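Biologist: Hello! Could you walk me through this model, one question at a time?

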Amino acid sequence: MSILKARRVASNTHIHTLALITSRLYIQTCRFKSTSKSTSKSASTMKVLCVAEKPSIAKAVAGHLSGGQVQAHNTPEKFIKNYVFDYDFGRPWGNCQVTMTSVLGHITSAVFPPQYKKWDYPPPEHLFDAPVQIITSEDKKKVAENIEKQARFANALCIWTDCDREGEHIGFEICEAAKKGNRTLDIKRARFSNIERAHILNASRNLISLDHKQVNAVASRIELDLRIGYAFTRFLTTNLRTLGGPFEKLILSYGSCQFPTLGFVVDRYFRVRNFKPEQFWSIKVMHKREGINVNFGWARNRLFDRASVVVLYERCLTAKKAKVTKVQEKPTKKLKPLPLTTVEMQKMATIFLRMTGQQAMEAAESLYNKGFISYPRTETDRFDSGMNLRALVQKQTTSQSWGDFAQNLVNGGFQQPREGRHDDKAHPPIHPITYVAPSALNENEKKVYEFVVRRFLACCSEDAKGVSTDVDILYGEESFHAHGVVVLERNYLEVYIYDKWTGTVQLPKFVVGEQFEPEEALMTEGKTSPPNYLTEADLIALMDANGIGTDATMAEHIQKIQERDYVRTVPRTARSDDDEEVVENAPATRGGRGGRGRGGRGGATRSTGRGGGVKEFIPTQLGVALIEGFDRMNFETSLGKPFLRKEMELKMKAICEGRSTKEIVLNESIEQYRHVYVQSQQKLAVLKAACREYVFQNSG
DNA sequence: GCAAGGTC
C-alpha cells in the first residue's frame, strides 16, 4: 500500500512538471485567442486549492479571480462553501482549475494529554514541562476534513489567510490539514491587505512562501499562554480554596491578559483612594464689553500658597487698570476624525452609544455578517489609495438622516480621508459597505451602524473651520488670558454628532495698548480632586497602549475579569474637576466680604464621557487582594503588571525578525515563569494574608 | 473547572 502511494506521488510530480510546461504554452495560445477561455481542460491542468481565513474572504477572492464565472458548493460545515472556477495565476502555475474555500480562524488547539486533567495531581507546576499536543479542535473537524478532502484533488495549495502573525499560523494549520490529504502539494501564500479587485489580482500573481518565523512566534505564544494560564489558575484556585468562605467555590483564573487588565483597574483604585487633596488659590478677571462677559484666566493658573496669591491679587487691585498686551486673531480648525479602528469603535461605543465594548463588537459582527459594514476587527486607520470611497458615500445618499450630507459630498464636497499611522496589512478601516434602513436592524446594530456611517462620512468631508481670538492683558504685574473661537464652517461636525466644538465664545473687540478697568477681579480657592475610576474606554486605551490583548479580544478580557468577580462596574456619579469657588469678590478689601455666593465651580464637564450613564470599573476586594498579594511578594516582575505580556510581545517580534527562535523563547519564558511559580509557592502566606485582609476584613 | 487567539 505504502509503495503504491509512493509511486503515485512520484508520477504526480511528473504530471506536475508537465503541467507547468503545457500550461505555459496554453497561456501563449490563449493570448491570441482571448475568446476561448477555459475550453481546453486537459488532464494536465493544474488544480489549485485556495484557502482563506474566513468565508467572507473566500467569497470575495473567488469573485475577483473568477470574474463571476463561479460555482458554489455547500460543505458539511454550514458557514463554508467551496467555490470552483478557472483562473490563470501566471507563472509558474498558469491556467488552473481552482477550488477556493476557507477555514473559520484557527482549526487546531494546544492541549495537555488526558493524564493532566486533574487539578491537584500531577501538581500544576508539572504543566510547565508537560507535553503539549496539537489537536484538531472538536468544532473544526468538518472544516479540517474539507481541506483534507479537497487537497486530494489538488496539485497546489494557495494560502489566503490574513496578513498578520495569527494569519500566518492559521496558514500553517491549513498546510498541515491539507498535507494529510496530499503530501506533494506545491504550497504558496498570497499577500493581500484588502479585498479590492486589482489588489487581489496583483496578490495572485505575486505569490510568496509562508513565513515560518511568524508561525513559530505564534506557536510560542499559544504554548506559553496554555502552560502559564493553566498552571497559575490551578495554583490560585486550589491553594486559596483553603481560606474558605467565597474562595471555596470560586475559580481564580490567571491569564497573561486578564491579570494585567485587572492590574490597571486596581492601580487606578489605589490612586483614587490614596489621593490627598491639595488646597490651591487663583485669580480670575472678568470684563463685560459689547454685552459679552469675557473671562480672563490667570497665566499662573493656580498656586498652592495662599499668602502669595493674596499679595499678587492685591497688586492687581492696586493697579486698577489692565492693559491689553496682545490681540491675535487667526484661522483655526478642528480636524475630522481618523478612519475607524476596532479599538476606537469600542471606546466611542462605550462613551456615546451606551454599550459595552463587547456589545458593540457583537453588533458590529452581526452588521458585518449581513454585509452592511466591512470587517470589524482592524487596526488600520488609513484607507488604501485604491479604494473607491466615493462609491461608498454615494450609497448613503438614500438615508433620511444623513442622505443630504452624503449627497453634498458626492456633489463635490468629497475630501480624501486623513491617514493615520496604523496599518495591520490585513483589513481596511471599518466602513459601511451598503445602505441599510434602520428598521431592518435591532437597537444595538442601529446605533453601531449609524456611528460607523457618520464616522465614515466625516472622514470623507472637510475639517471644521473657525477663527480663534487670543487676548492677553497685563493687570498689575500679572498676565491674564482670554481665548475665544467662532466656528465658521461646521463641515464634518454636521454629520459627526459625537464631536462638539465647544468654547465657541466670540470675544469682543480689544486693541493692543488700550487700558480698561476690569469689572471684576476674583480670588478663588479650591482643592484638587482625585482622578476618576477607569471607564471602559480608559481601560481599552490602556490595554491598547500596553499591548494587552488584540482588537478582537480586549472586550473579552474585560468581560472575563467581571465574570470572575475581580471587578465590577458602577454608574459614574456626576462630579466636577477640581472643586473651586470664589473666596473674595472684587473690589473687595482683604478679609472683607468673603463672597462665597457666586458658584464658581470650574468647568464641570471636562470632555466627553463624564456623567451621563457612563460606567466606571472598580475592583472587588478579591481583585484587590490578588493584585496586592502578588505585589507584596515583591517579585522582580509582578504578575499583575503589563510587563510580562509586553516581554512576550517583544520575544515574538524577535522570532519574527530572526533574532531568536521558538526553542529559545520557550525555554527562557518557561524558566522565568517557573521561577515566579516557585516564588509564589514559597510566599503563599503573603498572598493568603492579603486575601484575608481584603476579602474577610474589608467586606461590607 | 483553567489561557489567548482566530471566527460564526
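**Domain contacts and a hairpin**

Modeller: Happily! About 720 Å² is buried between domain 2 and domain 5, and carbon and sulfur atoms give 50% of that area; buried area is the accessible area (1.4 Å probe) that two parts lose on being put together, summed over both. This is a predicted model, where local features need pLDDT of at least 70, side-chain atom pairs count only at pLDDT 80 or more, and totals for chains, interfaces and linings use all residues. Residues are numbered from 1 along each chain as its sequence is written, and side-chain values use heavy atoms, with hydrogens and water left out.

Biologist: How many residue pairs are in polar contact between domain 2 and domain 5?

Modeller: A polar contact is a pair of N or O atoms within 3.5 Å; within protein, one must be able to donate a hydrogen and the other to accept it, and residues adjacent in sequence count only if both atoms are side-chain atoms. With both residues at pLDDT 80 or more, the count between domain 2 and domain 5 is two.

Biologist: Which residue takes a positive phi in the hairpin of β9 and β10?

Modeller: Strands here are DSSP runs (E, at least two residues), numbered from the N terminus, and two strands pair if DSSP finds at least two bridges between them. β9 (residues 279-289) and β10 (residues 292-298) pair in the antiparallel sense over six bridges. Two residues lie between these strands, and the one with a positive phi near 50° is E290.

Biologist: Which residue of β13 stands opposite G297?

Modeller: β10 also pairs with β13 (residues 478-489), in the antiparallel sense over two bridges. Opposite G297 stands H481.

Technical notes. Chains lettered and ligands numbered in written order. Helix = DSSP H or I, 4+ residues; strand = E, 2+ residues; numbered from the N terminus.
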